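Student: Got a minute to go through this one with me? I'd like to start with the empty space inside.

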Amino acid sequence: MRMNLRLNLLTETTTWRRSVRLETLIRLRWFALAGQTAAIFTVFWGLDSSLPIEWCLIAVGASAWLNISLRLRYPANHRLDAPEAGASLAWDILQLAFLLFLTGGLENPFAFLFLAPVLISATSLPPRMTLSIGVLAVACASVVAFVHLPLPWEWRDDLRLPTLYLFGVWAALVLCISFIGLYAWQVAEESRQFTDALAATELVLARELHLSQLDGLAAAAAHELGTPLATIALVTKELAGELPKDGPIGEDMALLGEQVKRCREILAKLKSLSGGDAPFDTMPLAQLIEEVVQPHRFFDVAITVDLPENREGGPVIQRNPAVLYGLGNIVENAVDFARSSVAIKAHWDNSQVAVIIADDGPGFPPDIVDRIGEPYLTRRGKGRSRRAADEEQIGEEPSGMGLGVFIAKTLLERSGARITFRNRTAPETGAIVEVVWPRAAFRDGLSGPAPRAVPVQPAQTET
(Lines give C-alpha, C1' and ligand atoms only; values in the text may rest on other atoms or scores of the structure.)
Protein backbone atom coordinates (compact mmCIF):
# COMPACT_ATOMS: atom_id res chain seq x y z
CA MET A 1 0.00 0.00 0.00
CA ARG A 2 2.77 2.44 0.86
CA MET A 3 4.53 1.55 -2.37
CA ASN A 4 1.38 2.57 -4.31
CA LEU A 5 1.27 5.86 -2.40
CA ARG A 6 4.93 6.54 -3.20
CA LEU A 7 4.34 5.81 -6.89
CA ASN A 8 1.34 8.17 -6.89
CA LEU A 9 3.45 10.86 -5.23
CA LEU A 10 6.24 10.36 -7.75
CA THR A 11 3.86 10.62 -10.70
CA GLU A 12 2.05 13.70 -9.42
CA THR A 13 5.31 15.44 -8.58
CA THR A 14 7.06 14.82 -11.89
CA THR A 15 4.07 15.08 -14.23
CA TRP A 16 1.84 17.87 -12.93
CA ARG A 17 4.32 20.04 -10.98
CA ARG A 18 6.37 20.88 -14.07
CA SER A 19 8.83 23.70 -13.81
CA VAL A 20 11.39 25.52 -15.94
CA ARG A 21 14.86 26.54 -14.79
CA LEU A 22 15.12 30.31 -14.72
CA GLU A 23 18.69 30.19 -16.04
CA THR A 24 17.46 28.51 -19.23
CA LEU A 25 14.93 31.23 -20.02
CA ILE A 26 17.40 33.99 -19.21
CA ARG A 27 20.05 32.57 -21.54
CA LEU A 28 17.54 32.07 -24.36
CA ARG A 29 16.31 35.63 -23.93
CA TRP A 30 19.86 37.02 -24.04
CA PHE A 31 20.42 35.06 -27.23
CA ALA A 32 17.21 36.47 -28.75
CA LEU A 33 18.10 40.02 -27.67
CA ALA A 34 21.53 39.73 -29.29
CA GLY A 35 19.91 38.65 -32.55
CA GLN A 36 17.30 41.43 -32.39
CA THR A 37 19.96 44.07 -31.73
CA ALA A 38 22.11 42.83 -34.58
CA ALA A 39 19.13 42.83 -36.97
CA ILE A 40 18.08 46.37 -35.93
CA PHE A 41 21.50 47.93 -36.46
CA THR A 42 22.08 45.99 -39.69
CA VAL A 43 18.86 47.33 -41.18
CA PHE A 44 19.35 50.84 -39.83
CA TRP A 45 23.00 51.30 -40.78
CA GLY A 46 23.74 48.58 -43.35
CA LEU A 47 20.65 49.10 -45.50
CA ASP A 48 20.24 52.78 -44.65
CA SER A 49 16.52 52.25 -44.09
CA SER A 50 14.08 54.40 -42.22
CA LEU A 51 13.48 52.63 -38.94
CA PRO A 52 12.09 53.86 -35.59
CA ILE A 53 15.29 52.71 -33.94
CA GLU A 54 14.56 54.52 -30.65
CA TRP A 55 11.37 52.49 -30.03
CA CYS A 56 13.06 49.28 -31.19
CA LEU A 57 15.90 49.79 -28.71
CA ILE A 58 13.38 50.57 -25.97
CA ALA A 59 11.71 47.20 -26.61
CA VAL A 60 15.07 45.42 -26.54
CA GLY A 61 16.11 47.34 -23.41
CA ALA A 62 12.87 46.38 -21.62
CA SER A 63 13.62 42.68 -22.13
CA ALA A 64 17.22 43.23 -21.01
CA TRP A 65 15.96 44.98 -17.87
CA LEU A 66 13.65 42.02 -17.20
CA ASN A 67 16.56 39.62 -17.47
CA ILE A 68 18.70 41.66 -15.10
CA SER A 69 15.83 42.01 -12.61
CA LEU A 70 15.20 38.26 -12.59
CA ARG A 71 18.90 37.58 -12.16
CA LEU A 72 19.13 39.93 -9.15
CA ARG A 73 15.93 38.66 -7.55
CA TYR A 74 16.35 34.89 -7.87
CA PRO A 75 19.34 32.55 -7.46
CA ALA A 76 20.82 30.87 -10.52
CA ASN A 77 19.26 27.48 -9.72
CA HIS A 78 15.74 28.85 -9.18
CA ARG A 79 12.96 26.99 -11.00
CA LEU A 80 9.86 28.80 -12.21
CA ASP A 81 6.50 27.14 -11.77
CA ALA A 82 4.00 27.01 -14.63
CA PRO A 83 2.34 30.45 -14.10
CA GLU A 84 5.70 32.22 -13.69
CA ALA A 85 7.23 30.55 -16.73
CA GLY A 86 4.06 31.22 -18.73
CA ALA A 87 4.19 34.91 -17.84
CA SER A 88 7.84 35.08 -18.92
CA LEU A 89 7.07 33.49 -22.28
CA ALA A 90 4.03 35.73 -22.73
CA TRP A 91 6.30 38.75 -22.28
CA ASP A 92 8.58 37.44 -25.04
CA ILE A 93 5.59 37.15 -27.38
CA LEU A 94 4.37 40.66 -26.59
CA GLN A 95 7.86 42.12 -27.02
CA LEU A 96 8.26 40.39 -30.39
CA ALA A 97 4.81 41.60 -31.47
CA PHE A 98 5.80 45.20 -30.62
CA LEU A 99 9.01 44.89 -32.65
CA LEU A 100 7.06 43.46 -35.60
CA PHE A 101 4.56 46.33 -35.31
CA LEU A 102 7.48 48.73 -35.75
CA THR A 103 9.04 46.79 -38.63
CA GLY A 104 6.34 45.68 -41.05
CA GLY A 105 4.17 43.15 -39.19
CA LEU A 106 3.81 39.82 -40.97
CA GLU A 107 5.67 41.27 -43.96
CA ASN A 108 8.76 40.90 -41.78
CA PRO A 109 10.23 37.38 -42.21
CA PHE A 110 11.16 37.32 -38.50
CA ALA A 111 7.44 36.90 -37.73
CA PHE A 112 7.99 33.14 -37.53
CA LEU A 113 9.87 33.71 -34.26
CA PHE A 114 6.41 33.53 -32.67
CA LEU A 115 7.01 29.78 -32.75
CA ALA A 116 9.87 29.87 -30.22
CA PRO A 117 7.90 30.62 -27.00
CA VAL A 118 5.17 28.16 -27.99
CA LEU A 119 7.74 25.43 -28.57
CA ILE A 120 9.41 26.07 -25.20
CA SER A 121 6.04 25.97 -23.46
CA ALA A 122 5.02 22.75 -25.22
CA THR A 123 8.14 20.93 -24.01
CA SER A 124 8.12 22.24 -20.45
CA LEU A 125 4.69 23.42 -19.27
CA PRO A 126 1.24 21.83 -18.81
CA PRO A 127 -1.12 21.64 -21.80
CA ARG A 128 -3.43 24.40 -20.53
CA MET A 129 -0.54 26.84 -20.22
CA THR A 130 0.76 25.88 -23.66
CA LEU A 131 -2.71 26.46 -25.13
CA SER A 132 -2.79 29.93 -23.56
CA ILE A 133 0.65 30.77 -24.94
CA GLY A 134 -0.38 29.56 -28.40
CA VAL A 135 -3.61 31.59 -28.36
CA LEU A 136 -1.66 34.69 -27.36
CA ALA A 137 0.84 34.14 -30.20
CA VAL A 138 -1.96 33.75 -32.76
CA ALA A 139 -3.74 36.84 -31.43
CA CYS A 140 -0.57 38.95 -31.65
CA ALA A 141 0.13 37.67 -35.16
CA SER A 142 -3.41 38.58 -36.18
CA VAL A 143 -3.08 42.12 -34.83
CA VAL A 144 0.28 42.90 -36.43
CA ALA A 145 -0.98 41.48 -39.72
CA PHE A 146 -3.30 44.50 -40.06
CA VAL A 147 -1.79 47.14 -37.76
CA HIS A 148 1.90 47.87 -38.31
CA LEU A 149 4.36 50.43 -39.61
CA PRO A 150 5.87 50.01 -43.10
CA LEU A 151 8.50 47.33 -43.61
CA PRO A 152 12.03 48.85 -43.61
CA TRP A 153 13.21 48.70 -47.21
CA GLU A 154 16.40 49.74 -48.98
CA TRP A 155 14.33 51.61 -51.54
CA ARG A 156 12.44 54.69 -50.46
CA ASP A 157 9.14 53.46 -51.85
CA ASP A 158 7.12 51.49 -49.30
CA LEU A 159 6.75 47.78 -50.02
CA ARG A 160 3.10 46.71 -50.16
CA LEU A 161 2.59 42.97 -50.34
CA PRO A 162 -0.74 41.57 -51.64
CA THR A 163 -3.41 40.90 -49.06
CA LEU A 164 -3.77 37.31 -50.23
CA TYR A 165 -0.05 36.72 -49.65
CA LEU A 166 -0.26 38.19 -46.13
CA PHE A 167 -3.24 35.97 -45.39
CA GLY A 168 -1.18 32.99 -46.53
CA VAL A 169 1.68 33.99 -44.20
CA TRP A 170 -0.78 34.33 -41.32
CA ALA A 171 -2.35 30.94 -42.06
CA ALA A 172 1.07 29.29 -42.31
CA LEU A 173 2.09 30.84 -39.00
CA VAL A 174 -1.08 29.63 -37.26
CA LEU A 175 -0.67 26.12 -38.67
CA CYS A 176 2.98 26.01 -37.61
CA ILE A 177 2.12 27.16 -34.09
CA SER A 178 -0.65 24.56 -33.83
CA PHE A 179 1.13 21.61 -35.43
CA ILE A 180 4.64 22.12 -34.07
CA GLY A 181 3.30 23.00 -30.62
CA LEU A 182 1.11 19.87 -30.50
CA TYR A 183 3.87 17.67 -31.87
CA ALA A 184 6.47 18.99 -29.42
CA TRP A 185 4.06 18.57 -26.50
CA GLN A 186 3.23 14.99 -27.52
CA VAL A 187 6.88 13.99 -27.83
CA ALA A 188 7.81 15.68 -24.54
CA GLU A 189 4.80 14.15 -22.75
CA GLU A 190 5.67 10.64 -23.92
CA SER A 191 9.26 11.17 -22.81
CA ARG A 192 8.11 12.43 -19.39
CA GLN A 193 5.75 9.50 -18.94
CA PHE A 194 8.40 7.00 -19.91
CA THR A 195 10.93 8.59 -17.56
CA ASP A 196 8.43 8.64 -14.69
CA ALA A 197 7.47 5.03 -15.34
CA LEU A 198 11.10 3.94 -15.36
CA ALA A 199 11.61 5.79 -12.07
CA ALA A 200 8.62 3.92 -10.64
CA THR A 201 10.11 0.66 -11.90
CA GLU A 202 13.36 1.51 -10.15
CA LEU A 203 11.37 2.02 -6.93
CA VAL A 204 9.87 -1.45 -7.26
CA LEU A 205 13.25 -2.97 -8.03
CA ALA A 206 14.80 -1.12 -5.10
CA ARG A 207 12.09 -2.45 -2.79
CA GLU A 208 12.56 -6.01 -4.03
CA LEU A 209 16.32 -5.64 -3.70
CA HIS A 210 15.88 -4.30 -0.17
CA LEU A 211 13.69 -7.26 0.79
CA SER A 212 16.12 -9.75 -0.73
CA GLN A 213 18.95 -8.21 1.30
CA LEU A 214 17.12 -8.56 4.61
CA ASP A 215 18.37 -12.13 5.06
CA GLY A 216 21.97 -10.92 4.83
CA LEU A 217 21.29 -8.13 7.30
CA ALA A 218 19.65 -10.61 9.65
CA ALA A 219 22.65 -12.93 9.45
CA ALA A 220 25.02 -10.03 10.12
CA ALA A 221 22.94 -8.94 13.12
CA ALA A 222 22.96 -12.50 14.44
CA HIS A 223 26.74 -12.65 14.09
CA GLU A 224 27.21 -9.36 15.94
CA LEU A 225 24.81 -10.36 18.73
CA GLY A 226 26.41 -13.76 19.21
CA THR A 227 29.37 -12.53 21.28
CA PRO A 228 27.45 -10.47 23.89
CA LEU A 229 24.86 -13.23 24.16
CA ALA A 230 27.60 -15.78 24.88
CA THR A 231 28.91 -13.48 27.63
CA ILE A 232 25.43 -13.20 29.12
CA ALA A 233 25.07 -17.01 29.05
CA LEU A 234 28.43 -17.48 30.81
CA VAL A 235 27.67 -14.95 33.53
CA THR A 236 24.20 -16.46 34.04
CA LYS A 237 25.66 -19.94 34.43
CA GLU A 238 28.24 -18.75 36.97
CA LEU A 239 25.63 -16.85 39.00
CA ALA A 240 23.29 -19.84 38.94
CA GLY A 241 26.08 -22.00 40.42
CA GLU A 242 26.76 -19.61 43.28
CA LEU A 243 23.22 -18.53 44.18
CA PRO A 244 20.76 -20.86 45.95
CA LYS A 245 18.60 -22.84 43.53
CA ASP A 246 15.57 -22.71 45.78
CA GLY A 247 13.47 -19.60 46.19
CA PRO A 248 12.60 -16.67 43.91
CA ILE A 249 16.22 -15.97 42.91
CA GLY A 250 16.75 -19.55 41.75
CA GLU A 251 13.57 -19.44 39.68
CA ASP A 252 14.62 -16.15 38.11
CA MET A 253 18.06 -17.52 37.22
CA ALA A 254 16.48 -20.61 35.67
CA LEU A 255 14.12 -18.39 33.64
CA LEU A 256 17.03 -16.22 32.54
CA GLY A 257 18.94 -19.31 31.38
CA GLU A 258 15.94 -20.49 29.35
CA GLN A 259 15.57 -17.09 27.69
CA VAL A 260 19.27 -17.05 26.80
CA LYS A 261 18.84 -20.48 25.21
CA ARG A 262 15.83 -19.22 23.27
CA CYS A 263 17.80 -16.21 22.02
CA ARG A 264 20.52 -18.56 20.76
CA GLU A 265 17.94 -20.60 18.83
CA ILE A 266 16.53 -17.43 17.22
CA LEU A 267 20.00 -16.26 16.21
CA ALA A 268 20.73 -19.68 14.72
CA LYS A 269 17.61 -19.36 12.54
CA LEU A 270 18.63 -15.86 11.45
CA LYS A 271 22.08 -17.10 10.45
CA SER A 272 20.54 -19.85 8.34
CA LEU A 273 18.65 -17.30 6.20
CA SER A 274 21.76 -16.42 4.19
CA GLY A 275 22.98 -19.98 3.87
CA GLY A 276 22.43 -20.66 0.10
CA ASP A 277 20.94 -24.09 0.80
CA ALA A 278 17.51 -22.81 1.82
CA PRO A 279 14.73 -25.04 0.43
CA PHE A 280 13.18 -22.21 -1.65
CA ASP A 281 16.37 -20.72 -3.17
CA THR A 282 15.57 -22.76 -6.28
CA MET A 283 12.19 -24.02 -7.37
CA PRO A 284 10.61 -25.82 -10.29
CA LEU A 285 8.38 -23.85 -12.63
CA ALA A 286 5.27 -25.51 -11.19
CA GLN A 287 6.10 -24.25 -7.71
CA LEU A 288 6.80 -20.75 -9.07
CA ILE A 289 3.37 -20.65 -10.73
CA GLU A 290 1.65 -21.92 -7.59
CA GLU A 291 3.33 -19.23 -5.48
CA VAL A 292 2.14 -16.58 -7.95
CA VAL A 293 -1.42 -17.95 -8.06
CA GLN A 294 -1.94 -18.68 -4.35
CA PRO A 295 -2.81 -15.11 -3.18
CA HIS A 296 -5.63 -14.92 -5.77
CA ARG A 297 -7.44 -18.18 -5.00
CA PHE A 298 -9.63 -16.56 -2.36
CA PHE A 299 -11.77 -14.59 -4.81
CA ASP A 300 -14.81 -15.68 -6.80
CA VAL A 301 -12.73 -16.58 -9.85
CA ALA A 302 -11.71 -20.17 -10.56
CA ILE A 303 -8.00 -20.44 -11.34
CA THR A 304 -6.81 -23.58 -13.14
CA VAL A 305 -3.18 -24.49 -13.76
CA ASP A 306 -2.34 -26.80 -16.67
CA LEU A 307 1.12 -28.38 -16.52
CA PRO A 308 2.66 -31.21 -18.56
CA GLU A 309 2.09 -34.66 -17.09
CA ASN A 310 5.73 -35.61 -17.53
CA ARG A 311 7.73 -33.02 -15.60
CA GLU A 312 11.07 -34.79 -15.70
CA GLY A 313 13.76 -32.44 -16.84
CA GLY A 314 11.46 -29.49 -16.27
CA PRO A 315 12.92 -26.02 -15.76
CA VAL A 316 14.26 -25.29 -12.28
CA ILE A 317 14.94 -21.66 -11.58
CA GLN A 318 16.56 -19.59 -8.91
CA ARG A 319 14.09 -17.61 -6.86
CA ASN A 320 13.75 -14.22 -8.56
CA PRO A 321 11.60 -11.44 -7.00
CA ALA A 322 11.34 -9.60 -10.33
CA VAL A 323 9.83 -12.64 -12.08
CA LEU A 324 7.47 -13.28 -9.17
CA TYR A 325 6.30 -9.66 -9.24
CA GLY A 326 5.91 -9.60 -13.03
CA LEU A 327 3.90 -12.81 -13.30
CA GLY A 328 1.93 -11.90 -10.18
CA ASN A 329 0.85 -8.60 -11.69
CA ILE A 330 -0.34 -10.29 -14.91
CA VAL A 331 -2.31 -12.90 -12.93
CA GLU A 332 -3.76 -10.14 -10.75
CA ASN A 333 -5.01 -8.25 -13.81
CA ALA A 334 -6.50 -11.45 -15.24
CA VAL A 335 -8.41 -12.04 -11.99
CA ASP A 336 -9.58 -8.42 -11.97
CA PHE A 337 -11.11 -8.63 -15.45
CA ALA A 338 -12.23 -12.26 -15.55
CA ARG A 339 -15.93 -13.11 -15.33
CA SER A 340 -15.55 -16.55 -13.76
CA SER A 341 -12.26 -18.25 -14.59
CA VAL A 342 -8.56 -17.79 -15.31
CA ALA A 343 -6.51 -20.50 -16.98
CA ILE A 344 -2.73 -20.73 -16.65
CA LYS A 345 -0.85 -23.10 -18.91
CA ALA A 346 2.86 -23.83 -18.91
CA HIS A 347 4.90 -25.90 -21.35
CA TRP A 348 8.55 -26.22 -22.24
CA ASP A 349 10.99 -27.92 -24.56
CA ASN A 350 14.71 -27.77 -25.19
CA SER A 351 14.56 -24.28 -26.72
CA GLN A 352 12.00 -22.31 -24.72
CA VAL A 353 9.75 -22.12 -21.66
CA ALA A 354 6.27 -20.57 -21.98
CA VAL A 355 3.62 -19.50 -19.49
CA ILE A 356 0.21 -18.49 -20.87
CA ILE A 357 -2.37 -16.64 -18.74
CA ALA A 358 -5.88 -16.43 -20.18
CA ASP A 359 -9.14 -15.10 -18.73
CA ASP A 360 -12.78 -15.11 -19.84
CA GLY A 361 -13.32 -11.36 -19.40
CA PRO A 362 -14.07 -8.76 -22.06
CA GLY A 363 -10.52 -8.86 -23.43
CA PHE A 364 -8.29 -5.98 -24.39
CA PRO A 365 -10.06 -3.00 -26.00
CA PRO A 366 -9.20 -2.86 -29.71
CA ASP A 367 -7.98 0.73 -29.42
CA ILE A 368 -5.23 -0.16 -26.92
CA VAL A 369 -4.38 -3.80 -27.64
CA ASP A 370 -1.35 -2.74 -29.68
CA ARG A 371 -0.20 -0.37 -26.92
CA ILE A 372 -0.39 -2.75 -23.96
CA GLY A 373 2.72 -2.31 -21.86
CA GLU A 374 3.08 1.43 -22.40
CA PRO A 375 3.21 3.50 -19.19
CA TYR A 376 0.03 5.15 -17.86
CA LEU A 377 -2.30 3.03 -19.98
CA THR A 378 -5.05 1.69 -17.70
CA ARG A 379 -8.46 0.08 -17.89
CA ARG A 380 -9.45 -1.17 -14.45
CA GLY A 381 -11.57 -4.27 -13.91
CA LYS A 382 -13.97 -5.30 -11.14
CA GLY A 383 -11.43 -4.89 -8.35
CA ARG A 384 -11.24 -8.47 -7.08
CA SER A 385 -7.50 -8.39 -6.48
CA ARG A 386 -5.82 -8.13 -3.12
CA ARG A 387 -4.55 -4.68 -4.05
CA ALA A 388 -8.08 -3.48 -4.81
CA ALA A 389 -9.29 -5.00 -1.55
CA ASP A 390 -6.58 -3.12 0.35
CA GLU A 391 -7.59 0.14 -1.33
CA GLU A 392 -11.24 -0.41 -0.44
CA GLN A 393 -10.29 -1.21 3.14
CA ILE A 394 -8.54 2.14 3.57
CA GLY A 395 -11.34 4.05 1.85
CA GLU A 396 -9.71 4.57 -1.54
CA GLU A 397 -11.28 3.98 -4.91
CA PRO A 398 -9.83 0.89 -6.58
CA SER A 399 -7.87 2.37 -9.44
CA GLY A 400 -4.54 2.09 -11.15
CA MET A 401 -2.00 4.50 -12.54
CA GLY A 402 -1.41 2.32 -15.59
CA LEU A 403 2.08 1.41 -14.39
CA GLY A 404 1.42 -2.17 -13.26
CA VAL A 405 1.61 -3.84 -16.67
CA PHE A 406 4.49 -1.58 -17.71
CA ILE A 407 6.51 -2.54 -14.62
CA ALA A 408 5.62 -6.23 -15.02
CA LYS A 409 6.60 -6.18 -18.69
CA THR A 410 9.85 -4.35 -17.92
CA LEU A 411 10.84 -6.77 -15.15
CA LEU A 412 10.00 -9.87 -17.21
CA GLU A 413 11.85 -8.57 -20.27
CA ARG A 414 14.88 -7.87 -18.10
CA SER A 415 14.82 -11.57 -17.16
CA GLY A 416 14.98 -12.48 -20.87
CA ALA A 417 11.29 -13.03 -21.55
CA ARG A 418 9.21 -12.00 -24.56
CA ILE A 419 5.64 -10.90 -23.71
CA THR A 420 2.73 -11.05 -26.16
CA PHE A 421 -0.75 -9.59 -25.53
CA ARG A 422 -3.75 -10.66 -27.59
CA ASN A 423 -7.47 -11.50 -27.39
CA ARG A 424 -9.18 -14.86 -27.72
CA THR A 425 -10.49 -15.81 -31.13
CA ALA A 426 -14.21 -15.07 -31.61
CA PRO A 427 -16.76 -16.19 -30.51
CA GLU A 428 -14.76 -16.66 -27.27
CA THR A 429 -13.99 -13.58 -25.21
CA GLY A 430 -11.08 -12.82 -22.97
CA ALA A 431 -7.44 -11.78 -22.95
CA ILE A 432 -4.34 -13.91 -23.39
CA VAL A 433 -0.86 -12.99 -22.17
CA GLU A 434 1.99 -15.23 -23.26
CA VAL A 435 5.37 -15.04 -21.54
CA VAL A 436 8.15 -16.95 -23.29
CA TRP A 437 11.74 -17.38 -22.09
CA PRO A 438 14.59 -19.05 -23.96
CA ARG A 439 15.54 -22.23 -22.12
CA ALA A 440 19.04 -20.83 -21.68
CA ALA A 441 17.62 -18.06 -19.47
CA PHE A 442 16.48 -20.68 -16.95
CA ARG A 443 19.87 -22.31 -16.95
CA ASP A 444 21.41 -18.90 -16.21
CA GLY A 445 19.00 -18.26 -13.35
CA LEU A 446 16.83 -15.58 -15.01
CA SER A 447 19.34 -13.07 -13.77
CA GLY A 448 18.89 -10.17 -16.17
CA PRO A 449 20.47 -6.77 -15.52
CA ALA A 450 20.97 -6.06 -11.85
CA PRO A 451 18.84 -3.23 -10.44
CA ARG A 452 20.51 -0.11 -9.16
CA ALA A 453 20.90 -0.03 -5.40
CA VAL A 454 18.60 2.80 -4.33
CA PRO A 455 18.63 3.54 -0.58
CA VAL A 456 15.31 2.67 1.05
CA GLN A 457 14.67 4.00 4.52
CA PRO A 458 13.25 1.50 7.04
CA ALA A 459 10.26 3.78 7.63
CA GLN A 460 9.33 3.47 3.95
CA THR A 461 9.17 -0.30 3.79
CA GLU A 462 5.78 -1.84 3.27
CA THR A 463 4.05 -3.17 6.35
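Tutor: Sure. The largest cavity holds about 40 Å³ of space. Keep in mind that this is a predicted model.

Student: How many cavities of 30 Å³ or more are there?
Tutor: The structure has 1 of that size.

Student: Which residues line the largest cavity?
Tutor: The lining is made of I289, V292, V293, L327, V331, I344, V355 and I357. The elements that give two or more residues to that lining are α10 (285-293), α11 (321-337) and β7 (352-359).

Student: And which element gives the largest share?
Tutor: α10 does, with 3 residues.

Student: What about classes: how many nonpolar, polar and charged residues are in that lining?
Tutor: The count is 8 nonpolar, no polar and no charged.

Student: OK, β7 came up. What sheet does β7 sit in?
Tutor: β7 belongs to an open sheet of 5 strands with mixed pairing, in the order β4-β6-β7-β9-β8.

Student: Which strands stand at the edges, and why does each have a side without a neighbour?
Tutor: Those are β4 (302-306) and β8 (418-423); each has a single partner strand, so one side of each has no neighbour in the sheet.

Student: How much twist is there from one strand to the next?
Tutor: The average is 15°.

Student: How do β8 and β9 run, parallel or antiparallel?
Tutor: Antiparallel, with 6 bridges joining β8 to β9 (residues 431-438). If you want a pair to find on screen, I419 has V435 in β9 as its bridge partner.

Student: Which strands does α10 touch?
Tutor: α10 packs on the sheet and touches β4, β6 (341-348) and β7. The direction of α10 makes about 160° with that of β6.

Student: And α13, where does that helix pack?
Tutor: α13 (residues 404-414) also packs on the sheet, touching β8 and β9. Its direction makes about 140° with that of β8.

Student: Switching to pockets: how much space lies in the second largest one?
Tutor: About 870 Å³. It is lined by 34 residues, and the closest to its centre are G35, Q36, L96, F110 and L113.

Student: Which helices supply at least two residues of that lining?
Tutor: α2 (22-46), α3 (53-73), α4 (82-102) and α5 (115-124) each do. The largest share comes from α2, with 11 residues.

Student: How does the lining of that pocket split by class?
Tutor: The second largest pocket has 25 nonpolar, 6 polar and 3 charged residues in its lining.

Terms used
Residues numbered from 1 in each chain as written. Predicted model: local features only at pLDDT ≥ 70, side-chain atom pairs only at ≥ 80, totals over all residues. Heavy atoms only, no water. 1 Å grid on protein atoms, 1.4 Å probe; cavity = no way out; pocket = protein on both sides within 12 Å on 5 of 7 lines; lining within 4 Å. Points joined across faces, edges and corners; volume = space filled by probe spheres on them. Helix = DSSP H or I, 4+ residues; strand = E, 2+ residues; numbered from the N terminus. Nonpolar A, V, L, I, M, F, W, Y, C, P; charged D, E, K, R; others polar. Pairing = 2+ DSSP bridges. Axes fitted to C-alpha atoms, helices over the stretch in contact; angles between N-to-C directions. Contact = heavy atoms within 4.5 Å.
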